Amino acid sequence: MTPLFLLFTTTTAALTLQSKIDGFGKATDMKSVGTLLYVSSNESGLVILNMNSPTDPKQLGTHPAVAQPSAIDVTGDTVYIAGKDELMVLNTSDPSNPKPLGTLPITNCTALTIVKQTLYITSSDGLQILNVTDPSSITPISDINLQYTVQGMALQWGIAYITAGDVFALINVSPTEPTVAVTMTSQENNNTGHRAVDVLGNVAYVAVENGGLQTFDITSPSKPVALASYCDGCVSGTNVVVYESTAYLTTVDGMQAVDVGSPASPRMLSSYKFSSEDVNSAIASSGISVFVGRSDGVYAFEHVSSGSSSDETATAVLVCAVVLVSVVLSLCVAQLAGKRGVEITRDAGKKPEFEDNL
């Protein structure tokens with residue numbers, strides 16, 4: 001009898017804290033590029049961290065940047081950081097010594113995204129589109145007045161996805177004059193308090209203050225379709241980032257890793273509870289870790305695999321044990337039969353027949 005070997009590989013879904021780094025105030029926004037994490041801090045301005053070893057992060061450099069920074073984005077060695085009354089562009093080719101390249105007055109920035117040489121920034125003045133080819137001479141391209149205060153923004157394929165309280169809006173920003181493609185209110189999608197948004201492929205993931213996480217099919221940006229609302233014990237969704245098929249949702253007092261391999265059926269993989277509450281959390285992801293910025297510092301977590309939840313892992317282990325016992329028993333029977341000179345034959349659909357050759 002040929003031995004049968006079975007190999008089961010499973011990954012336990014658990015949010016594992018790798019490290020925490022503090023000492024620079026509250027992290028209001030973050031961007032991960034390669035092994036570096038760029039943080040906007042309400043006390044220190046721009047903070048650059050080396051996260052090459054997430055279990056042993058190092059602070060590389062800081063710059064006062066702007067007052068009350070609230071949003072940050074990075075392209076190459078250039079950092080864009082904005083706050084209460086100013087946008088600043090810095091060169092960080094030497095992370096230990098960031099150097100300002102240019103500034104632009106702006107009022108109460110809430111979010112910003114850089115695409116090539118074009119900067120999209122939301123503030124009290126609405127959505128502005130800026131040409132930043134020359135950081136020392138930033139020039140406006142266009143703007144659109146919004147009737148609401150933007151809290152979060154994601155950009156993909158010429159569409160800006162905007163969250164603003166009771167509003168989830170999609171704005172076409174590809175032409176010279178941006179236009180609102182569609183605006184969904186809380187009455188239309190049954191959730192209120194849209195706080196943040198991330199987009200991956202044809203799905204938008206929205207952190208909802210009174211509903212946890214909501215997913216939208218954005219295959220047709222002019223007609224987004226609500227897919228699912230997820231809230232597994234969460235008090236309030238505050239921010240979200242998606243990595244592969246896992247959405248990381250920050251809440252007032254913790255974070256949840258949510259399997260969104262099927263966006264219409266999100267399910268919790270694991271959760272982590274912080275020691276204190278924070279209504280505004282920053283979040284970013286690299287290929288190694290997911291980072292959460294709170295009032296007491298930046299936390300680094302190991303990515304969670306959406307391949308299996310803890311319950312599924314336990315089930316797989318049980319199945320593996322049962323199969324292993326079955327295989328061992330079969331081998332023992334075969335060896336015993338061989339010693340006795342017994343030939344075992346099996347005809348399909350019939351009871352096994354034993355023929356004694358002794």
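Two strands count as paired when DSSP finds at least two bridges between them. With that in mind, take β7 and β8 (residues 86-91): they pair in the antiparallel sense over 5 bridges. This is a predicted model, and the tour below starts from that strand pair, then moves on to the open spaces and the charged pairs.

**The sheet around β7 and β8**

- β7 and β8 belong to an open sheet of 4 strands, which come in the order β6-β7-β8-β9 with antiparallel pairing.
- Which strands sit at the edges? They are β6 (71-75) and β9 (99-105), and each of these pairs on one side only.
- On average, neighbouring strands of this sheet are turned by 15° against each other, direction ignored.
- Strands of a sheet pair through backbone hydrogen bonds, and they can do so either parallel or antiparallel.

**Walking across the strands**

- Start at β6, which is joined to β7 (residues 78-82) by 5 bridges, the two strands running antiparallel.
- One spot to look at here is Asp73, whose bridge partner in β7 is Tyr80.
- Next comes the step from β7 to β8, where a hairpin makes the connection through 3 residues.
- Within this pair, Val79 has Leu90 of β8 as its bridge partner.
- The last step goes from β8 to β9, again antiparallel, with 6 bridges joining them.
- Leu90 turns up here too: its bridge partner in β9 is Pro100.

**The largest pocket**

- Rolling a probe the size of a water molecule over the atoms shows where empty space is left.
- How big is the largest pocket? Its volume is about 1300 Å³.
- The largest pocket is lined by 44 residues, and those closest to its centre are Asp29, Met153, Val197, Asn239 and Ile283.
- Several strands each give at least two residues to this lining: β2 (27-33), β6, β10 (111-115), β14 (152-156), β18 (194-200), β22 (237-243) and β26 (282-285).
- So the edge strand β6 of the sheet above shows up again as one of the strands that supply the pocket lining.
- Sorted by class, the pocket lining holds 24 nonpolar, 14 polar and 6 charged residues.

**The cavity**

- How many cavities of 30 Å³ or more does the whole structure have? The search turns up 1.
- The largest cavity has a volume of about 50 Å³.
- Residues lining the largest cavity include Ser32, Gly34, Thr35, Leu36 and Leu37, along with Met51 and Pro54.
- From further along the chain, the cavity lining also includes Ser286, Ile288, Ser289 and Phe291.
- Two strands, β3 (36-41) and β27 (289-294), each supply at least two residues of the cavity lining.
- By class, the cavity lining has 6 nonpolar and 5 polar residues, with no charged ones.

**Salt bridges**

- Side chains of opposite charge can pair when their charged atoms come close.
- Across the whole structure, 7 salt bridges are found.
- Lys20 and Asp296 are one such pair, with their side chains meeting at 3.5 Å, N to O.
- Lys20 lies in strand β1 (residues 17-21) and Asp296 in the loop between β27 and β28 (297-302), so this pair ties together parts that are 276 residues apart in sequence.
- Lys20 has 39% relative accessibility, so it counts as partly exposed, and Asp296, at 22%, is partly exposed as well.
- Lys20 and Asp296 also belong to a network of salt bridges that takes in Asp22.
- Asp73, the β6 residue met earlier, forms a salt bridge with Lys31, their closest N and O atoms being 3.6 Å apart.
- That contact links distant parts of the chain, with Asp73 in strand β6 and Lys31 in strand β2, 42 residues apart.
- Is Asp73 buried or exposed? At 5% relative accessibility, Asp73 counts as buried, whereas Lys31 is partly exposed, with a relative accessible area of 30%.
- Lys273 and Asp253 form another salt bridge, with the closest N and O atoms 2.6 Å apart.
- Here Lys273 sits in strand β25 (residues 267-273) and Asp253 in the loop between β23 (246-251) and β24 (254-259), 20 residues apart.
- Lys273 is exposed, with a relative accessible area of 60%, while Asp253 is buried, at 17%.

Key: Residues are numbered from 1 along each chain as its sequence is written. This is a predicted model: local features need pLDDT of at least 70, side-chain atom pairs count only at pLDDT 80 or more; totals for chains, interfaces and linings use all residues. Side-chain values use heavy atoms; hydrogens and water are left out. Axes are lines fitted to C-alpha atoms, for helices over the stretch in contact, and angles run from 0 to 180 degrees between N-to-C directions. On a 1 Å grid over the protein atoms alone, a cavity is a set of points where a 1.4 Å probe fits but cannot get out, and a pocket is an open set with protein on both sides within 12 Å along at least five of seven lines; lining residues have an atom within 4 Å of a point. Grid points are joined across faces, edges and corners, and a volume is the space filled by probe spheres set on the points. Ala, Val, Leu, Ile, Met, Phe, Trp, Tyr, Cys and Pro count as nonpolar, Asp, Glu, Lys and Arg as charged, and the others, Gly among them, as polar. A salt bridge is a side-chain nitrogen of Lys or Arg within 4 Å of a carboxyl oxygen of Asp or Glu. Buried means under 20% relative accessible area, exposed over 50%, partly exposed in between (1.4 Å probe, protein chains only).
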